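The exercises below concern the model shown next. Each consists of a task and a worked solution.

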There are 2 protein chains.
Amino acid sequence: MPWLMCLTPPYSMKARITFNELRQVLPAEHVSVDEEALQDHGYSNNSYHNEGAPNIVVFPKSTQEVAEIVKIANKFNLPIIPFSGGTSLEGHFSAPKGGICISFTEHMDQIVAFHPQDMDIVVQPGIQWEDLNFYLKKQGLFFPMDPGPGACIGGMVGTSCSGTNAVRYGTMREWVINLTVVTPEGKILKTRQRPRKSSAGYDLTKLFIGSEGTLGVVTEITLKLAVLPQEETVAVCDFPTIRDAAAVVPDLVRAGVQIGAVELLDAQMMKAINLANPELGHSEKPTLFFKFSGGSKVIVDHEIKVVSEIAKKHQGGTFKYAKNEAEKADLWEGRKIALWSSTLLKPEASVWTTDVVVPVSKLPDLIAETTKDLESSFLPCPMVGHVGDGNFHVFILFKKDDKKEYAEAKRLNKNLLERAIRMEGSVTGEHGVGIGKKMFLNQELGENTVDMMKTIKIALDPKGLMNPEKVLPDN
Amino acid sequence: MPWLMCLTPPYSMKARITFNELRQVLPAEHVSVDEEALQDHGYSNNSYHNEGAPNIVVFPKSTQEVAEIVKIANKFNLPIIPFSGGTSLEGHFSAPKGGICISFTEHMDQIVAFHPQDMDIVVQPGIQWEDLNFYLKKQGLFFPMDPGPGACIGGMVGTSCSGTNAVRYGTMREWVINLTVVTPEGKILKTRQRPRKSSAGYDLTKLFIGSEGTLGVVTEITLKLAVLPQEETVAVCDFPTIRDAAAVVPDLVRAGVQIGAVELLDAQMMKAINLANPELGHSEKPTLFFKFSGGSKVIVDHEIKVVSEIAKKHQGGTFKYAKNEAEKADLWEGRKIALWSSTLLKPEASVWTTDVVVPVSKLPDLIAETTKDLESSFLPCPMVGHVGDGNFHVFILFKKDDKKEYAEAKRLNKNLLERAIRMEGSVTGEHGVGIGKKMFLNQELGENTVDMMKTIKIALDPKGLMNPEKVLPDN
């Protein structure tokens, strides 16, 4: 058990005293300085921004306990780093200044209250979205955000994530009713009451969504829920060029189709999928994967018709759609295995996952320019995108220990980020800023905007203890 | 022309110097101290919180001019009060400390850029939502917020308004992509770029939505747009008791029906409507007005079927729905004339409009308890609600100059607000806080939450010049 308290003392005097105080407010076994636990909570294989591990990891079981922990951290000027799923990509839970990691995975992963009539649910930050949806399924409900497997609601609030469903359902910002927060001083507050809408005061809920633990610790979340679509099917269509495929998206948005998802996979990605599972037998051309969902078969059939006509207009090939559950699973399988199958294109490579987003009208240009840049590189870079909202991920495959490859990955990433900014876009659609993207924030938002964010940060966290060195650039 | 500059000098030395400085950055005729203009921009017939008029009204034509105005206000420590439609109800543009009113109605009411492929539009704050929708209609698009007639986008951002469409489309918070803001120091910033989603930094857009001009001046707004539904119809159904009618709502939400609107009018309101237009011939029982809209007739027909079955389960009478455009207009007419026809119940009365919202499961109880309270009063109080999201308005009819009636109106309002708070609700679903509701904020949100709002306010506006005495309670 990684959280088992080890017997060796913490490293610094301050950490040792803190450790002893923490053990006065938490059970001894919920305060750990075990080296493995520290590493597990500070380092990530998915991130190239590992800048340190915490000194202590704590496993509280209530908001009250979190408040006590934060008060102790405040007293000793130690950083606080919240941790839930640990799946983030930009160094969000790295601890460059050490400090106390608050892990929600062990004892704060529960459903606190379920209100089916209101279609909302109150949960703790350590619950995984997949477990939540498993629970909700038997109620005919679901929570529509679908980030990577293993992600927890706490981190999803922190990064304002979304996923393939975002084109229809939006992002975390649209699906959180209120948050319970422990402030940097250790006070407890709820951002607002539980109705679906309210105009009572500043929107603190949204301020915390996407703030990545830098303004306080979120300990409870009320989520809106959606009714599980009674009908759902998927379809696949290939295109001669990636520009043709991308050009489908603005038309689709303009037609007002309430599509469930529309995912673009480029030729390289399709090749990787065929390597992973040749039986899927996809063509190795740029391909759109569609999900159709709605309250009845008539609605879904109507939408398939509209979308297949748009696809045809843009030189789409045969519009293959699933006629039963087995075919549906088969067709969507290709999309599901995209990330891990991409590594088959370059054995032993690491994946640098990019996350730009632009207005959909700019998508064809952005993708065309990016493809040109990537094709001129010696690194394979398959691409998959939640293109319905202008967001896509390039997986840059490179060897971490090879300096030339690392430099090339960095160069491609930087080019892509700056290209997106130039096209009125953002360096991150859903993964967040963390350490990895903070140096691009001034360029994307302008200095006055970043300055206002800094003013808020300093006002709420004057000591700079809440997840330091994340989100906001240093200068 | 109310903005014509009068020749009498402003009242105080400070205001006079300010006036002269303003005339150096704006054309003389865009800086007014005309008494009528000051009154028009400071007093409202719809509000019982008229606490003063501005000293000067300015009519800028650009963000740059607004920045210059704010710098001058900052130099002389004069309040800034933004003004657009002037339709708000809670004293939002009252000027208890005098100051400079920035009016957007004359020269900042334009469409700046329209991006049909991205389904967004950039507008200035002085544009009316109805004019915007008139422009968009020929594009097959619309902006779904529908507050009272005459409201402008600037004020709609300020109060985070919504309207009858909110049950389907949500509120302003879901329909604004970015804002251009002049900060209290007179700096210009854009809250974020133009993609539909982004995880790049704190959500300043949402922080400004609902902040009622207290954190800075919004000068440009990028709005998301929706495709005009190809099919739309309306239906009406009466119920034996208001509790039966209210009980339809949670079932409807739970069934996942994408209803366009669902409005509840109580028996008194139906009586008022019949007084206003006897030809409509509605029964004088609690009545639900439904709007159904969707991409095709099959979708709409399907939803009518589901909803009529739910209505029947709750003792609903005949489910009358419009079979053509004329019938549709006739049926919806009742809902449209509700506010002004309510005054027929008490000649020469003023209307005190309340705006509570609760989780929909609490709605039947809240409405039943409120009805009981209202029935025991000597004032007529018809009720109309956007009940699909738990929000409703009681129109308390009273004579402003009659002390007993005024006291009774105040008592009924206070009871209602406290009842909503007790039921996990909010004192304002869509009208905002202004002066009228700030004293209820601590009770609704808790002191720690309000304190965090105050910390943000002080950090961004340390001199307290931006629309002073609004939103946040004094203690």
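Chain A superposes on chain B by a rotation of 180 degrees with 0.0 Å of shift along its axis, at an RMSD of 0.0 Å. The two copies are thus related as by a two-fold rotation axis. One surface serves both copies, since 100% of the contact residues of chain A recur in chain B. The superposition is by least squares on the C-alpha atoms of residues with pLDDT of at least 70 in both copies, and contact means heavy atoms within 4.5 Å.

This is a predicted model, in which local features need pLDDT of at least 70 and side-chain atom pairs count only at pLDDT 80 or more, while totals for chains, interfaces and linings use all residues. Residues are numbered from 1 along each chain as its sequence is written, chains are lettered from A and ligands numbered from 1 in the order in which they are written, and side-chain values use heavy atoms, with hydrogens and water left out.

**Exercise 1. Salt bridges between the chains**

Task: Find the partner of A:Arg194 in a salt bridge and state where both residues lie.

Solution:

Step 1. Apply the criterion: a side-chain nitrogen of Lys or Arg within 4 Å of a carboxyl oxygen of Asp or Glu. Over all chains, this rule gives 52 salt bridges.

Step 2. A:Arg194 pairs with B:Glu424, at 2.8 Å from N to O. The pair crosses between chains, from the loop between strand S9 (188-190) and helix H8 (204-208) of chain A to the loop between helix H14 (403-422) and helix H15 (441-445) of chain B. Helices (H or I, at least four residues) and strands (E, at least two) are DSSP runs, numbered from the N terminus.

Step 3. Check accessibility, where buried means under 20% relative accessible area, exposed over 50%, and partly exposed in between (1.4 Å probe, protein chains only). A:Arg194 is buried at 5%, whereas B:Glu424 is partly exposed at 25%.

Step 4. Look for the reverse pair. B:Arg194 forms a salt bridge with A:Glu424, with the closest N and O atoms 2.8 Å apart. B:Arg194 is buried at 5%, and A:Glu424 is partly exposed at 24%.

Step 5. Extend the first pair to a network of salt bridges: A:Asp118, A:Asp120, A:Arg194, B:Lys362 and B:Glu424 are linked.

**Exercise 2. A salt bridge within chain B**

Task: Which parts of chain B does the pair B:Lys437 and B:Glu90 tie together?

Solution:

Step 1. The side chains of B:Lys437 and B:Glu90 meet in a salt bridge of 3.5 Å, N to O.

Step 2. B:Lys437 lies in the loop between H14 and H15 of chain B and B:Glu90 in the loop between strand S3 (80-83) and strand S4 (100-103), so the pair ties together parts 347 residues apart in sequence.

Step 3. B:Lys437 is buried, with a relative accessible area of 2%. B:Glu90 is also buried, at 4%.

**Exercise 3. The buried side of a helix**

Task: Which residues of helix H2 (residues 35-42) of chain A are buried, and what do they pack against?

Solution:

Step 1. The buried residues are A:Ala37, A:Leu38, A:His41 and A:Gly42.

Step 2. They cover an arc of only 115 degrees around the axis, which puts them on the same side of H2(A). The arc is that of the directions from the helix axis to the C-beta atoms.

Step 3. As background, an α-helix has 3.6 residues a turn, so residues three or four places apart point the same way.

Step 4. The buried residues of H2(A) pack against strands S1 (31-32), S2 (56-58), S3 (80-83) and S4 (100-103) of chain A.

**Exercise 4. Positive phi outside glycine**

Task: Describe the setting of B:Glu212 and B:Asn467, two residues to be examined for phi.

Solution:

Step 1. B:Glu212 has a positive phi of about 55 degrees although it is not a glycine. B:Glu212 is in the loop between H7 and strand S10 (217-224) of chain B, and is buried at 5% relative accessibility.

Step 2. B:Asn467, not a glycine either, has a positive phi of about 40 degrees. B:Asn467 lies in the segment after helix H16 (447-460) of chain B, and is buried at 2%.
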